[in-house]
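Student: Could you walk me through this structure? I am new to it and would like to take it piece by piece.

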Amino acid sequence: MKLKFEPRIESSKVLEVSIMFMSVILAFLIFTLFMLITGRDPFGAYKTMFFWAFAKKVGLEGSLIKFSALSTIGLGLILAFRMKVWNIGGEGQFYLGAMVTTLLALFWFPHLPHIFLLFLLPLGGFIGGSLWALIPALMKVCLGADEIVVTLMLNYIAMLWVDYLVYGSWRDPASFGFPMTAIFPESAKLPYLWGKVHIGVLVPIVLAIVLRVVLERTKLGYEIKVIGDNPDVAFCSGMNVKRNIILTLVLSGGIAGLSGALYAMGVQHRLQHAFSPGYGYTAIIVAWLSRLNPIAALFVSFFLGGIFVGCEILQIVMKVPTSVVYIFQGILFFCVLIGDVLIRYRIRLNL
Amino acid sequence: MLEAIFTAAIRAGTPLLYATLGEIFAERSGVLNLGLEGLMLVGALAGFIGSYLASSVWFGVLLALLTGGALALLFAFLTVSFRVNQVVAGLALTMLGMGISGYYGQAFIGKTAPQFSSLYIPFLSHVPFIGKVLFSHDPLVYLTYFLVPLSWFYIFKTKLGMSLRAVGEDPRSADAVGINVAKVRYLHVTLGGMLTALGGAYLSLAYTSMWIENMSAGRGWIAVALVIFSAWDPLRALLASYLFGGMASLQLRIQAMGAEISPHLLMMLPYVLTIVVLSFISSESVRKRIGAPTALMKPYAREEREY
């Protein structure tokens with residue numbers, strides 16, 4: 001048996017969308033099978049999940065909050081992935097953003113007026129994330145180091161750094177020994193838009209539009225595309241490939257840092273151990289599933305945010321362990337990857 | 001004191017050693033498997049369940065090998081046959097492993113199962129110092145004493161090992177001289193997955209002696225780093241693993257003595273070191289000299305010129 005791969009010369013939008021749609025369906029089919037094997041009622045579970053995540057107010061609020069965090073990181077990753085720079089460090093950059101925000105909100109400028117903090121803190125988060133992404137960017141450009149391993153390692157370092165702070169000098173004396181900082185002053189909290197949904201939910205929507213314009217209409221967007229397609233061609237046509245790699249990675253990390261800042265200001269209101277339930281990794285699925293299209297990324301993150309919330313509800317209502325969300329994400333990840341191959345290649349099976 | 005530290009280093013280094021050896025096989029064939037963390041977790045749970053159900057540690061080992069092999073086979077199918085992005089597939093495997101072990105493991109938290117016990121080798125374990133350090137361990141540690149030189153011999157001195165290296169170096173030429181690239185990759189990715197899962201089983205059957213959720217605690221990622229340290233060489237992998245195992249146990253000792261070093265900073269060390277090492281060995285000429293597989297992360301297809 002041999003698999004034969006023929007590259008598709010032209011791939012249409014309709015094909016892309018339908019294959020990605022099929023990947024999600026396939027993931028659900030496999031997941032259904034898994035639920036049946038483990039003796040649980042999958043359809044009851046889906047009903048509970050989707051009803052809570054998208055139709056009930058408290059669940060929908062949760063979905064929107066998670067949408068906001070996921071889509072922002074995802075948009076940052078899209079920028080880097082377009083250039084085929086594999087930034088796997090969204091998680092660490094998210095942590096760094098939240099950390100710098102906490103530093104500013106609790107220790108440096110706790111007394112600044114609300115209106116200043118509203119702009120200063122996200123900027124701080126952005127800078128935190130972009131500095132964290134500067135490390136792999138410089139290592140890639142100057143030393144030729146592989147950005148994948150570096151960003152991955154930096155995720156762990158960032159998480160441990162946050163732990164070091166919240167178990168150590170940043171720990172709130174009034175937290176009864178829990179590894180968390182004190183709560184932010186009121187002036188550092190984001191205003192609510194709807195229920196528990198903070199105003200930061202609008203950021204990814206604006207960002208997606210900006211990103212789309214940048215990618216489709218500007219010189220930077222054009223250069224990103226050319227470098228992603230073929231760095232040699234880009235170099236020979238006089239583009240500054242190195243500068244663009246640094247710029248893109250730093251922007252990408254900065255956006256993930258911004259997401260961390262908004263999450264700290266709008267949801268957690270403090271820094272704590274295990275601040276992120278793996279948003280940076282889920283954002284990789286977002287980028288892949290949306291085919292690196294910023295607008296599609298918004299819908300994909302809303303859907304995945306809902307799945308996150310749905311799995312939390314399952315734990316409460318049906319006593320399903322929360323680990324089920326990782327199983328689903330793992331399956332979805334694989335299915336999306338296969339879909340990606342099907343979009344790029346026509347596969348023939350020779351028996 | 002020194003004796004105790006060395007003994008502990010070997011114990012703590014052994015799970016890392018299994019995972020590192022496993023990853024060396026996969027990477028030597030040109031496949032980067034970032035799913036080590038997930039494989040270790042599944043191995044740890046499968047080992048525990050096997051030992052619990054059959055009241056036999058060896059059945060636990062067998063079950064860990066089988067599940068690790070099965071998951072790695074799935075990974076090989078996707079990355080070798082379907083040529084999906086290896087990095088992302090590895091992350092997916094880790095997520096799946098975390099999910100599966102957390103999901104099925106819940107029923108086994110707090111349970112006890114038969115454990116590996118230390119086996120004092122006659123005569124050898126009485127040799128002063130060395131006896132205690134090297135020969136007062138459980139069978140899974142002794143197994144590595146054979147496995148490491150064997151792996152080294154296999155990779156560098158046998159014909160099969162040569163084709164393994166050829167596939168990881170230049171799959172096109174390997175294919176041209178009649179080596180079945182896909183077969184070699186399938187074989188070694190699966191073998192690697194089995195060894196990694198065995199490293200996980202060591203945790204639940206010998207090291208911690210119970211099942212705890214997320215018990216691999218980042219060891220899978222450290223093993224990814226150790227492969228780079230050891231320059232894809234099993235003998236150096238042994239040293240690197242014991243060094244890190246030693247660091248881990250030394251850290252506990254320092255803390256017990258009341259020194260004021262944060263465990264979180266010490267835990268950062270392997271990741272920081274990996275980045276430092278990467279910055280030294282990333283240049284093309286150095287990678288060539290230490291024998292890094294050139295075709296790492298590059299899927300291979302006979303029909304295509306560019307791969």
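**Talking through the two chains**

Student: Before anything else, where is His264(B) found?
Tutor: Bear in mind throughout that this is a predicted model. His264(B) is found in helix 12 of chain B, which covers residues 263–281.

Student: Is His264(B) buried or exposed?
Tutor: His264(B) has a relative accessible area of 11%, and because buried means under 20%, His264(B) counts as buried.

Student: And which residues is His264(B) in contact with, leaving aside neighbours within four places in sequence?
Tutor: With those neighbours set aside, His264(B) is in contact with Leu160(A), Asp163(A), Tyr164(A) and Tyr167(A).

Student: Okay, then what about the interface as a whole: how many residues of chain A are in contact with how many of chain B?
Tutor: The contacts involve 48 residues of chain A and 44 residues of chain B. Between them the two chains bury about 4200 Å², and 81% of that area is on carbon and sulfur atoms.

Student: Which elements of chain A give two or more residues to the side that touches chain B?
Tutor: They are strand 1 (2–7), helix 5 (114–143), helix 6 (147–167), helix 11 (279–289), helix 13 (324–344) and strand 4 (345–350) of chain A. Helix 6 of chain A gives the most to that side, with 13 residues.

Student: How do the residues on that side of chain A divide into nonpolar, polar and charged?
Tutor: On the side of chain A that touches chain B, 38 residues are nonpolar, six are polar and four are charged.

Student: How many salt bridges does the rule find across the interface, and how many residue pairs are in polar contact?
Tutor: The rule finds zero salt bridges across the interface of chain A and chain B, while the count of residue pairs in polar contact between these chains is four, with both residues at pLDDT 80 or more.

Student: So how many salt bridges does the structure hold over all chains?
Tutor: Over all chains the structure holds eleven salt bridges. In one of them, the side chains of Lys189(A) and Glu186(A) meet at 2.9 Å, N to O; Lys189(A) counts as buried at 16% relative accessibility, whereas Glu186(A) counts as exposed at 59%.

Student: What about Lys225(A) and Asp229(A), how far apart are they in helix 8 of chain A?
Tutor: Lys225(A) and Asp229(A) are four residues apart in helix 8 (residues 219–229) of chain A, so about one helical turn separates them. Their side chains meet in a salt bridge at 3.4 Å, N to O, and both Lys225(A) and Asp229(A) are exposed.

Student: And which residue does Arg291(A) form a salt bridge with?
Tutor: Arg291(A) forms a salt bridge with Asp340(A), and the closest N and O atoms are 2.5 Å apart. Because Arg291(A) lies in the loop between helix 11 and helix 12 (294–318) of chain A and Asp340(A) lies in helix 13 of chain A, the pair ties together parts that are 49 residues apart in sequence. Arg291(A) is partly exposed, with a relative accessible area of 23%, while Asp340(A) is buried at 11%. Salt bridges that share partners join Glu16(A), Arg291(A), Asp340(A) and Arg344(A) into one network.

Student: Switching back to chain B, why is helix 4 said to be largely enclosed by the rest of the structure?
Tutor: Helix 4 of chain B is described that way because 17 of its 20 residues are buried. Helix 4 of chain B spans residues 86–105 and reaches 27 Å from its first C-alpha to its last, close to the 28 Å expected at 1.5 Å a residue.

Terms used:
Residues numbered from 1 in each chain as written. Chains lettered and ligands numbered in written order. Predicted model: local features only at pLDDT ≥ 70, side-chain atom pairs only at ≥ 80, totals over all residues. Heavy atoms only, no water. Expected span 1.5 Å × (residues − 1). Buried < 20%, exposed > 50% of the residue type's maximum accessible area, 1.4 Å probe, protein only. Contact = heavy atoms within 4.5 Å. Buried area = accessible area lost by both parts, 1.4 Å probe. Salt bridge = Lys/Arg side-chain N within 4 Å of Asp/Glu carboxyl O. Polar contact = N/O pair within 3.5 Å; in protein donor to acceptor, adjacent residues only side chain to side chain. Nonpolar A, V, L, I, M, F, W, Y, C, P; charged D, E, K, R; others polar.
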